[in-house]
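Subject: Structure handover

Hi,

Here is the structure I promised to pass on. Please open it next to this email; my notes follow below.

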Amino acid sequence: MAYIFNAGAGHQVIVENQGQQTAVATVSSSPGQQQSQRTSFTTGTWTAPPAAFRTPAGIVLQITAAQGQHFVNIAATGISTVSEAPNLALAEELPAQQGGMPAVRAMEPMKPMEPMKPMEPMKPISPVEPMKMGDMEMRMNPMEMRMGNMSISLGNPLSAGAGKNFCPQCGAAVEPSARFCTSCGHRLI
Ligand SMILES: [Zn+2]
């Protein structure tokens, strides 16, 4: 069972003893959004209900446990334990409610992920159409790569090897003496 302190202006402080741990959560709700912060400290088992006080520096929680008293300072900047008992003379004690720990909802196991849609099959690399990436061009069968003015032939060295030029239009290997590309008819000279 958690203790809920209403700190006003939509702020709630929720404290719960979980074994040797004291879990502290803050929830600020404003229209349209909810922010929560959650942390826990080792305090030991509570021997008395917790108390909360509003002080000029923020909300101070007083946890009374078997090992002694613990104070937790809750400010806009975060939740931290305080080693010394703060001066609570001018502090206003906040009324406590009992309830559930709303921050626990965030700890629920995640929903199983939806099964991934099967990927669309990749287009097979066309043996005819050269593949272009920027100024790089790749073509299969025989395998050739062209980058700018450079071209590398990776396959079939007998037919696409030395002494060949490549058509600037379609990339086909052409005889250096050829005036037109034998593949696409592009004028070469
Ligand atoms: Zn050509």
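A definition first: helices and strands here are DSSP runs, numbered from the N terminus, with at least four residues for a helix and at least two for a strand. Strands E6 and E7 meet that description, and they form a hairpin with two residues between them. Please keep in mind that this is a predicted model.

**Overview**

The protein has 16 strands and one helix. It has 189 residues, and 17% of them count as buried. Take the contacts with a separation of 6 or more: residues 24 or more positions apart account for 31% of these.

**Confidence**

Mean pLDDT is 79. A value of 70 or more is reached by 79% of the residues. Two stretches fall short. Over residues 103-108, pLDDT stays under 50. The model has six contacts beyond four places in sequence for that stretch. Residues 157-161 also stay under 50. Six contacts beyond four places in sequence are found for them, too. Where pLDDT is low, the predicted coordinates should not be read in detail.

**Sheet with E1 to E4 and E10**

This is an open sheet of five strands. The order is E4-E3-E2-E1-E10, and the pairing is antiparallel. Which strands stand at the edges? They are E4 (33-42) and E10 (96-99). Each has a single partner strand, so one side of each is left without a neighbour in the sheet. From one strand to the next, the twist averages 25°.

Inside the sheet, E1 and E2 run antiparallel and are joined by five bridges. Asn6 has Gln12 in E2 as its bridge partner.

**Sheet with E5 to E9**

This too is an open sheet of five strands with antiparallel pairing. Its order is E8-E7-E6-E5-E9. The edges are E8 and E9 (92-94). Each of these has a single partner strand, so one side of each lacks a neighbour in the sheet. Neighbouring strands are turned by 30° against each other on average, direction ignored.

Now the pairs, one at a time:

- E5 (residues 51-55) pairs with E6 in the antiparallel sense over five bridges. Arg54 has Ile59 in E6 as its bridge partner.
- E6 (residues 58-65) pairs with E7 (residues 68-75), antiparallel, over seven bridges. Here Ile59 stands opposite Ile74 in E7.
- E7 pairs with E8 (residues 78-82), antiparallel, over five bridges. Ala75 stands opposite Gly78 in E8. A hairpin through two residues joins E7 to E8.

Ile59 is thus worth a click: it is the bridge partner of Arg54, and it stands opposite Ile74.

**The largest nonpolar core**

How many residues are in the largest nonpolar core? There are 17. Val13, Val15, Val24 and Leu61 touch the most other members. The elements giving two or more residues to this core are E1 (2-8), E2 (11-18), E3 (21-30), E6 and E7. E1, E2 and E3 belong to one of the five-stranded sheets, while E6 and E7 belong to the other. In soluble globular proteins, nonpolar side chains tend to be buried together.

Val15 is a good place to start. Leaving out residues up to four places away in sequence, Val15 touches Ala2, Tyr3, Thr22, Val24, Pro50 and Leu61. Two of these, Val24 and Leu61, are also on the list of residues that touch the most other core members.

**Two single residues**

Glu92: buried or exposed? It lies in edge strand E9. A residue with 12 or fewer other C-beta atoms within 10 Å is exposed. Glu92 has 9, so it is exposed. Beyond its neighbours within four places in sequence, Glu92 is in contact with Phe53 and Arg54. Glu92 and Arg54 are 38 residues apart in sequence, yet 5.1 Å apart in space, C-alpha to C-alpha.

Gly171 sits in the loop between E15 (165-166) and E16 (173-174). The cut-off for a buried residue is 20 or more. Gly171 has 20 C-beta neighbours inside 10 Å, so it counts as buried. From Gly171 to Met138, the C-alpha to C-alpha distance is 8.9 Å, with their positions 33 residues apart in sequence counted as separation.

Best wishes

Technical notes: Residues are numbered from 1 along each chain as its sequence is written. This is a predicted model: local features need pLDDT of at least 70, side-chain atom pairs count only at pLDDT 80 or more; totals for chains, interfaces and linings use all residues. Two strands pair if DSSP finds at least two bridges between them. Two residues are in contact if their C-beta atoms, placed from the backbone, lie within 7 Å. pLDDT is the predictor's confidence in each residue, from 0 to 100. A nonpolar core is a set of buried Ala, Val, Leu, Ile, Met, Phe, Trp, Tyr and Cys residues joined through C-beta atoms within 7 Å. Axes are lines fitted to C-alpha atoms, for helices over the stretch in contact, and angles run from 0 to 180 degrees between N-to-C directions.
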